[in-house]
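Hi,

Here is the structure I promised to pass on. Have a look at it first, and then read on for what turned up.

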Amino acid sequence: VGFLLGLSMVLGAAMACAANGSWQPRSPSTLRTFISGEWRLVKTMNYARGGVTSTFSGSARFEPLNHGGHNLLQYHEEGKVFIGSDSFAAHQRLLWDVGSEPPTVYFDEAQGERTPENIVTNARFFHTIELNHLDGQPAPFEHHCDPDLYVGRLRFSTPDAFCISWRITGPKKDGVIDNEFIRVPEADRGAAEL
């Protein structure tokens, strides 16, 4: 049953992000408004080298973090990773600074108490997001994870769906990770299955 749920979410998210719509946030404040809230998240991870081909099915939430007047969003994803017939729980935390120009994303590496001070102090740079690119979509962004390079792309499909895709190349890894987000309708919030 878990595998079928994961597969149906992958197919539904892929269809939602297949159309590369012309709608998108054009400023950090409209990006904040757009991404705030709860999302269904499906990831597909395909590697030719250095990783495990798998899927992730779960939820993601962007919530305000008040710290020194900065325009920050905490990002937390949780769900299950499916590798063949096996599955296990997984989660990730990030910190999005949507008050900076360009918006900047950090790894949330806070340990212990989850206070705003601890989260911000222990954040490690991940990448920036240039919202206004020539092709009407945000520019590609990079993350160097020595010795490999991750090149990401944020695509907006509709006012209720977006995707973040990563292409990984280098001597250790060769793969693609697609993250597909579909907004949880207001009536379903809090009831999204993990």
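First, a word on terms: two strands pair if DSSP finds at least two bridges between them. Helices (H or I, at least four residues) and strands (E, at least two) are DSSP runs, numbered from the N terminus. This is a predicted model, so bear in mind that local features need pLDDT of at least 70 and side-chain atom pairs count only at pLDDT 80 or more, while totals for chains, interfaces and linings use all residues. Residues are numbered from 1 along each chain as its sequence is written, and side-chain values use heavy atoms, with hydrogens and water left out.

On to the strands. S5 and S6 (123-128) are antiparallel partners, with five bridges between them; Tyr106 has Phe125 in S6 as its bridge partner. On S4 (86-97), S5 (104-108) is also antiparallel, this time over four bridges. Leu94 is matched with Phe107 in S5, and Trp96 stands opposite Val105. The S4-S5 connection is a hairpin through six residues. That loop also holds Pro102, which follows Glu101 through a cis peptide bond with omega at about 5°.

S3 (70-83) and S4 run antiparallel too, over twelve bridges, and Gln74 has Leu95 in S4 as its bridge partner. Here the hairpin has two residues between the strands, and Gly84 in the turn takes a positive phi of about 60°.

There is a second cis peptide bond, between Asp146 and Pro147, again with omega at about 5°. Pro147 sits in the loop between S7 (141-145) and S8 (148-158).

Now burial (buried is under 20% relative accessible area, exposed over 50%, partly exposed in between, with a 1.4 Å probe and protein chains only). Four of the five residues of S5 are buried, so the strand is largely enclosed by the rest of the structure. In helix H2 (residues 28-35), the buried residues are Pro28, Leu31, Arg32, Phe34 and Ile35. Looking down the axis of H2, they fall within an arc of 165°, so they line one face of the helix; the arc is that of the directions from the helix axis to the C-beta atoms. Just after H2 comes Gly37, with a positive phi of about 115°.

What about the pockets? The search uses a 1 Å grid over the protein atoms alone: a cavity is a set of points where a 1.4 Å probe fits but cannot get out, a pocket is an open set with protein on both sides within 12 Å along at least five of seven lines, and lining residues have an atom within 4 Å of a point. Grid points are joined across faces, edges and corners, and a volume is the space filled by probe spheres set on the points.

The largest pocket holds about 590 Å³ of space. Its lining has 26 residues, with Lys43, Gln92, Phe126, Trp166 and Ile177 nearest the centre. S4 gives the largest share of that lining, five residues. By class there are 17 nonpolar, five polar and four charged residues (Ala, Val, Leu, Ile, Met, Phe, Trp, Tyr, Cys and Pro count as nonpolar, Asp, Glu, Lys and Arg as charged, and the others, Gly among them, as polar).

The second largest pocket has about 160 Å³ of space. Of its 14 lining residues, Ala60, Arg61, Glu63, His76 and Glu78 are closest to the centre. S3 contributes the most, with five residues, and the lining divides into three nonpolar, three polar and eight charged.

Last, the aromatics. Rings of Phe, Tyr and Trp (its six-membered ring) pair if their centres lie within 6.5 Å; planes under 30 degrees apart are stacked, over 60 edge-to-face and the rest tilted. The whole structure has 15 aromatic pairs. In one of them, the rings of Trp39 and Phe181 have centres 6.5 Å apart and planes at 90°, so the pair is edge-to-face. Trp39 is in strand S1 and Phe181 in strand S10, so this pair ties together parts 142 residues apart in sequence. Both residues are buried. Phe141 and Trp166 are edge-to-face as well, at 5.2 Å centre to centre and 75° between the planes. Phe141 is buried at 4% relative accessibility, and Trp166 at 8%.

Cheers
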